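Let's take a friendly walk through a few backbone details and one strand pairing. Please keep the sequence and the 3D view open as you read.

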Amino acid sequence: MSHIDVKGLTKVFGNHPERGVELARQGKSKDEILAETGQVLAVNDVSFDVDQGEMFVVMGLSGSGKSTVIRMLNRLIEPTSGTVDLDGERISDMSMSRLREVRAQKMSMVFQHFALFPHRTVGDNAAYGLKIQGVDEAERRERAEGALARVGLSGWFDRYPSEMSGGMKQRVGIARGLATDADILLMDEPFSALDPLIRRDMQDLLMELQAELSRTVVFITHDLNEAMRIGDRIVVMKDGAVVQVGTGEEIIHDPATTYVADFVADVDRSRVLTASLAMHEPSATFGPDATPREVLDHLDTSERNGVYVVDDDNRVLGVARDQEMAAAMQANAPTIRDHLVDAYATASPDTLLDDLSAIAARHTVSIAVIDDEGHLLGTVPRPALLRALAGDRRMDATRGSDGPARDQVEAPSEDATTSREVPA
């Protein structure tokens, strides 16, 4: 079950919202409905789900309906139609007392312009949600001080918001959400009023807190780079409707519409796309008991100067490089086991292409993509890296269902009996 499940969420502002919903279901556009009825279709049939611990970003330009959506999640704005379920409990069916309880204990909201009480201390602002919950003063102080410490504001409990910078005020807003131990943080463009450097610091802080606490976050932004940087998944909205839902990598590499393609055209792909996109199955690997001649034969026919050597569990032992293999053959070495080099680079599947670019040119073999236990998952040849950075969508046509591209796989060599060829 999803933590948050949104189905057909629609909001029409006006005296006859049901008429707007009816026309929207007939396929009328936002402008057509406004011209015909005077009703404003703010959100149109929006559906998505958010998993526990997910950083879910709702992104769109001004007027796209994103802020209306987040306010319907906790009924600050009442939906015209559609449903929002929290852990299977329907928001629209809640009594006002139950809704207040959910807002106080299960959901916390961080606003764009901080929403701090200027006449209350920083600590009282951070503890405000706890006061609403009826928590006693001693526990409120303890929990608020802990939350302030998490966001880097130790020692500020008895100070006032007027003494703080914008970035510090927003830290208080986040601390207020953390202090309540709410499962869900709703964040409505929380960093858009901040200077770029402070904004990036706040993004870093949010990602650090999320890695530590694993809250469910619904984050609203109009900034595509911010969405791509922090979002596990992103929903792109236009004119009140969902255009695409996916990871940043999916949206950049496979935009659903021309609108999305134009929207992401200027994104720095190297800071969003990861090694999993450019990863290939290695054309061949060898075991440590292969002979130097077998390896050299393979390198000769494949026009490469090195190949990965793995153990029986597919863990990388090293690289068999042409120079060392030639020397081993001259010395009549029976196997390549003692003639491997460690001149290779490794990456995880989620390593950014930007990080791969810095090391790709310094090694004789493709970058090895490995899991946490050292198993070889695939390799990233330099041409594949360049294709991914260039936005070559034809890569999709050559990738199997599991991802690695098939156009780089070599047919098995009949005499290379100890190499581990990868079937097509």
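R75 counts as buried, because its relative accessibility is 11% and the cut-off for buried is under 20%. Keep in mind that this is a predicted model, so the value describes the prediction. To find R75, go to the loop that lies between α3 (66-73) and β4 (81-86). Its backbone deserves a look too: the phi of R75 is near 65°, a positive value in a residue other than glycine.

Now travel along the chain to N332. Is N332 buried or exposed? With a relative accessible area of 66%, N332 is exposed, because the threshold for that class is over 50%. N332 sits in the loop between α15 (322-330) and β14 (346-347). Here again phi is positive in a residue other than glycine, with N332 near 60°.

Our last stop is a pair of strands. Strand β15 (residues 367-370) runs antiparallel to β16, and 4 bridges join them. If you would like a specific contact to click on, A368 has T379 in β16 as its bridge partner. The two strands β15 and β16 form a hairpin, with 5 residues between them. In that turn you will find G374, whose phi is positive at about 85°.

Finally, why is strand β16 described as largely enclosed by the rest of the structure? The strand covers residues 376-380, and 4 of its 5 residues are buried, so the rest of the structure largely encloses it.

Key
Residues are numbered from 1 along each chain as its sequence is written. This is a predicted model: local features need pLDDT of at least 70, side-chain atom pairs count only at pLDDT 80 or more; totals for chains, interfaces and linings use all residues. Side-chain values use heavy atoms; hydrogens and water are left out. Buried means under 20% relative accessible area, exposed over 50%, partly exposed in between (1.4 Å probe, protein chains only). Two strands pair if DSSP finds at least two bridges between them.
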